[in-house]
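Subject: Handover of a structure, with notes on what was found

Dear colleague,

I am passing on the structure below, together with some notes that you may want to have beside you when you open it. Please read the notes against the coordinates themselves.

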Amino acid sequence: MSEKTWPKPLAEASGPMRRDKLDGAAEGMGDHGSATVELHGQNIVPVDMMTGLTLYILGHQPKDPAKQKIPGAGGGVAGGVWVRERFTVIRPVDADDVFKVTGEAIGRHVHKGRRYGSNRCETFNAAGEPVARNLTTGLLAYQVEEGLKDQLEGENPDLIEAPGPDSSCVADNPHLDALRELKVGDELTSEPFCLSLAMMEARDTKKPDNPIHSDPELAKKAGLKKPIAGGSHVLAFPLELIMARCGARALHYGAAFDVRWKTPVYADLNIVPRARVIEATESLLTFETDVTLDDGAVAMVATVRVPLA
């Protein structure tokens, strides 16, 4: 396929987010989400849910029944399994905001027998102000296809300039003092705890976008032994550590995130989230974060860059 056919525009989508999804984001934290619950009480969309803006616009595209491989889902592997997300949250989004998401599909590629797709989008609030930018790469089919050769159509997602920190709203961040107190080497961590199927079901709601995160039978049809936690759900726990230390809205004013999901988190596994400060200047605070499993496997890694000036 010629690269001239890329990028492919996506049909615009508009908010607000479903109320049950926002309720689920708080309930799905179990006993480990005090800051997320605080945001929910303030009617603010949590940062981890902003990874879902790409899924949001993809879910509003015209459906192709031939690609609807899992009932109740958006196509492919229930809308895709994110493997990498680079995004910036510029300002908070009110839960009732009639936001607008515009975007485009920028390419597809095959690597080691698996198909991937890459998309980017930008979101604006009802006042027309930018609130988020996303660059997302996801699996289109979870199972390996034997004999499928590596190939690339469109743009290589690793070579595209990703969204970075945005300082336009830094002055509005109510938690700057707490963020500036952190020093290089400061570590925020948690005792191991179980990410239960009940927490995953609460997060996924009774109308899931991607049933592999909560439905055992549909997960098996996708080639999984058990439901796996959604990428944004896993990400929520290390971000919670930062918010619990610095303030519930500490990451809502220009913070940039580069997230890679490496190992599935199956239901009822113990996880350990962690965040460590690796850079602290007058203008920027940078965290390395990860989530590990009992056997030492790394489920997710992310770099979080928070502008301070």
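Which backbone oxygen lies 2.7 Å from a polar atom of the side chain of histidine 213? Before the reply, please keep in mind that this is a predicted model. The backbone oxygen in question belongs to isoleucine 228, and the side chain of histidine 213 also reaches the backbone nitrogen of glycine 230, at 3.4 Å. Histidine 213 itself is found in the loop between helix H5 (197-204) and helix H6 (216-221). With a relative accessibility of 13%, histidine 213 counts as buried, because the cut-off for that class is under 20%. Once its neighbours within four places in sequence are left aside, the residues in contact with histidine 213 are Met200, Asp204, Pro227, Ile228, Ala229 and Gly230.

A second residue that I looked at is alanine 132, which lies in strand E5 (residues 130-139). Alanine 132 is buried, its relative accessible area being 0%. Setting aside neighbours within four places in sequence, alanine 132 is in contact with Met50, Leu53, Thr88, Ile90, Cys121, Glu122 and Thr123. For one of these partners, cysteine 121, there is also a backbone distance: its C-alpha atom and that of alanine 132 are separated by 8.3 Å, with the two residues 11 residues apart along the chain.

Turning to internal space, a search of the whole structure finds two cavities of 30 Å³ or more. The largest cavity has a volume of about 70 Å³, and its lining consists of Arg19, Leu22, Ala25, Ala26, Thr36, Leu39, His40, Asn43, Ile44, Val45, Pro46 and Ala95. Helix H1 (19-27) and helix H2 (34-41) are the elements that give two or more residues to this lining, and H1 gives the most, with four residues. By class, the lining of the largest cavity divides into eight nonpolar residues, three polar and one charged.

The second largest cavity holds about 30 Å³ of space, and the residues lining it are Met17, Val45, Met50, Leu53, Val93, Phe99, Thr123 and Val131. Seven of the residues in the lining of the second largest cavity are nonpolar and one is polar, while none is charged. Val45 is listed in the lining of the largest cavity and also in that of the second largest. Met50, Leu53 and Thr123, which line the second largest cavity, are also among the contacts of alanine 132.

With best wishes

Terms used. Residues are numbered from 1 along each chain as its sequence is written. This is a predicted model: local features need pLDDT of at least 70, side-chain atom pairs count only at pLDDT 80 or more; totals for chains, interfaces and linings use all residues. Side-chain values use heavy atoms; hydrogens and water are left out. Buried means under 20% relative accessible area, exposed over 50%, partly exposed in between (1.4 Å probe, protein chains only). Contact means heavy atoms within 4.5 Å. A polar contact is a pair of N or O atoms within 3.5 Å; within protein, one must be able to donate a hydrogen and the other to accept it, and residues adjacent in sequence count only if both atoms are side-chain atoms. On a 1 Å grid over the protein atoms alone, a cavity is a set of points where a 1.4 Å probe fits but cannot get out, and a pocket is an open set with protein on both sides within 12 Å along at least five of seven lines; lining residues have an atom within 4 Å of a point. Grid points are joined across faces, edges and corners, and a volume is the space filled by probe spheres set on the points. Ala, Val, Leu, Ile, Met, Phe, Trp, Tyr, Cys and Pro count as nonpolar, Asp, Glu, Lys and Arg as charged, and the others, Gly among them, as polar.
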